[in-house]
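Q: Please take a close look at a single strand of this protein and explain which parts of the chain it pairs with. Then set that strand within the rest of the protein in one connected account.

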Amino acid sequence: MDAFTGLEYFEGALRWRIKGILLRYIHNVAFRIGALCCGLEARKVDDKYQYSCENKDLRVHGWICKDPTVGFWQITPSNEFRSGGLSKQNLTSHVGPYNLAMFLSAHYAGEDLVLKLQPNEPWKKVFGPIFMYLNSVSDENDPLHLWEDAKNQMMIEVESWPYNFPASEDFPHDDQRGRVSGRLQIRDRYLSDQVISASYAYVGLAPPGDVGSWQRECKGYQFWATADADGYFSINNIRCGSYNLYAWVPGFIGDYQHDVFITITAGCDIDLGGLVFKPPRDGPTLWEIGIPDRSSAEFYIPDPDPKYINKLYVNHPDRFRQYGLWERYADLYPDKDLVYTVGVSDYRKDWFFAQVTRKLSDDTYQGTTWQIKFKLDLVDPSGSYTLRLALATAHISELQVLVNDPKTSSPLFSTGVIGHDNTIARHGIHGLYRLYNVEVPCTQLVNGNNTIFLTQTMASSDAPALQGIMYDYIRFEGPSSSNSKKQTGFV
């Protein structure tokens, strides 16, 4: 988590987050100790994707051997050299006592994160250093003391970054780097007449590009921090060069990009002052589904098929890591697709975490159409409505939107074929973030009951069972002329 480096504003919050991260690893290590001691009969499915982790959380991971009692740990003090930004998921281990140091990876992203160099294009990049740590305890001590010791060593290594021992001119030391600080706030007149603090926003420097391009960037370096509750951020130990400043804020859709390039020189300390992010918004919220956090974790995640179960993830926050959850959709919806009624349904129970294909009795697959039913007492004829579709991932999918007439000859909107994230197959809960803003003419709506149809049409790849999308968040806005500015709750 790059927030380790220089976020003096909210050390308490930082340590709380670290505790949450490490708790998962404690379960991980404890389970693996049990497997080493007791054999593998109870574990039906175990694969490398079940131990994936976001870059921001991937600071220390490893194994404990019971006999002799030895710990083998990999500590990564900085994320600056990892591709895809802070939320990119990477592998941590294979099944068995293997540690992985992933520097360039297309997992959970696909072709967009494959390094591509033009003929004769010069390129170089320093990966690491990473710290390999071995420890041991006497037989009478709890083996998990090794884990506590590894966490303490991780904190020491983070505080020691950048290391001063590399002699290469391509690895700048502390006095050859710079710092950027500032405050990010949000302006959304439908939430407040005043600017709002971008609490716990993720703010980073990455190579220049388009809005949100950082999540597809793999050639250069990235430097990220987490803002405090008031939106203040500090990014330390930045390599010299030209960057864009990017940000995204949990609880809000869209991406922020500062409109001025930032040039880092050795020893610089740049205070950007106040920055204002205006998230996408055209009118008041009429209804919404989910939480805008770039993940599908808040939606309904079913219990796994008992023959695929990994006991590590029973009663675990990351229950989505269980194998084969995509097959449960057809079990839950054998004949008809999901129907969600605004004001009645609960997205935590009634919105399946992934819109996947349906397996038919002849072992073929077909696309699926989900419905959102909602009521408009009186359609506002003064302008268009807006449907915001934030996707947490997509894999060889096409999402089509129709309103009230599912048999119309052409959809109101189509994404086209998108995504090679392969998140569903890899037991993930998000891949690359995508946001679509769909204008819905008032003429397509009626007073009273309305239905939006969301069709994932694709079922034609070599692995059609794994095609589909995950939603992050859906919002339906009224015309900008609407008098109401009140934000509704998540429904």
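**A strand and its partners**

A: Strand E13 pairs with strand E15, which covers residues 262-264, through three bridges, and the two run in the antiparallel sense. The model is a predicted one, and everything that follows should be read with that in mind. Within this pairing, Tyr 243 of E13 stands opposite Ile 262 of E15.

E13 itself spans residues 241-248 and is mostly covered, since six of its eight residues are buried. E13 also pairs with strand E14, residues 256-257, by two bridges and again in the antiparallel sense. There, Tyr 246 has Gln 257 as its bridge partner. A further partner is strand E10, residues 202-206, which is joined to E13 by five bridges and runs antiparallel to E13. In that pairing, Tyr 202 is placed opposite Trp 248 of E13.

The strand may now be placed in the whole protein. The protein contains four helices and 27 strands. Of its 491 residues, 55% are buried. Among contacts with a sequence separation of 6 or more, 76% link residues that are 24 or more positions apart. The protein exposes about 21,200 Å², and carbon and sulfur atoms supply 52% of that area.

The nonpolar residues come next. In soluble globular proteins, nonpolar side chains tend to be buried together. In this model, the largest nonpolar core has 50 residues, and those with the most contacts inside it are Trp 351, Leu 387, Leu 389, Ile 452, Leu 454, Tyr 471 and Ile 474. Several strands give two or more residues to this core, including E17 (285-290), E22 (368-376), E23 (385-403) and E27 (468-477). The largest share, nine residues, comes from E23. Leu 389 shows how such a residue is surrounded: beyond residues up to four places away in sequence, Leu 389 touches residues that include Leu 399, Val 401, Leu 435, Val 438, Leu 454 and Ile 474. Apart from this core lies another, of 29 residues, among them Phe 171, Leu 205, Phe 223 and Phe 277.

Burial is not confined to nonpolar residues, as a lysine shows. Lys 125 is found in the loop between E6 and E7. Its relative accessibility is 11%, so Lys 125 counts as buried. Two backbone oxygens are reached by the side chain of Lys 125: that of Gly 220, at 2.7 Å, and that of Phe 81, at 3.1 Å. Outside its neighbours within four places in sequence, Lys 125 is in contact with Phe 81, Cys 218, Lys 219, Gly 220 and Tyr 221. Lys 125 and Lys 219 are 94 residues apart in sequence, but their C-alpha atoms are 7.5 Å apart in space.

Ser 105 also lies in the loop between E6 (98-99) and E7 (131-136). With a relative accessible area of 6%, Ser 105 is buried. The side chain of Ser 105 makes a polar contact with the side chain of His 107 at 3.0 Å, and another with the side chain of Lys 88 at 3.5 Å. When neighbours within four places in sequence are set aside, Ser 105 is in contact with Ser 83, Lys 88, Asn 90 and Leu 113.

A third polar residue, Gln 50, is found in the loop between helix H1 (11-38) and strand E1 (53-54). Gln 50 has a relative accessible area of 0% and is therefore buried. The side chain of Gln 50 makes a polar contact with the side chain of Asn 310 at 3.0 Å. Leaving out residues up to four places away in sequence, Gln 50 touches Val 45, Asn 310, Tyr 313, Arg 321, Gln 322, Tyr 323 and His 427.

Cysteines complete the account. Cys 53 is buried because its relative accessibility is 0%, a value under the 20% cut-off for burial. Cys 218, one of the residues in contact with Lys 125, has a relative accessible area of 6% and is buried as well. A disulfide is a covalent bond between the sulfur atoms of two cysteines. When a pair of cysteine sulfur atoms must lie within 2.5 Å to be counted, the number of disulfides comes to zero.

To return to the strand in the request: E13 is mostly covered, and E13 runs antiparallel to E10, to E14 and to E15.

How values were computed
Residues numbered from 1 in each chain as written. Predicted model: local features only at pLDDT ≥ 70, side-chain atom pairs only at ≥ 80, totals over all residues. Heavy atoms only, no water. Buried < 20%, exposed > 50% of the residue type's maximum accessible area, 1.4 Å probe, protein only. Polar contact = N/O pair within 3.5 Å; in protein donor to acceptor, adjacent residues only side chain to side chain. Contact = heavy atoms within 4.5 Å. Core = buried A, V, L, I, M, F, W, Y, C linked by side-chain atoms within 4.5 Å. Areas by Shrake-Rupley, 256 points an atom, 1.4 Å probe, with all protein chains shown as cover. Pairing = 2+ DSSP bridges.
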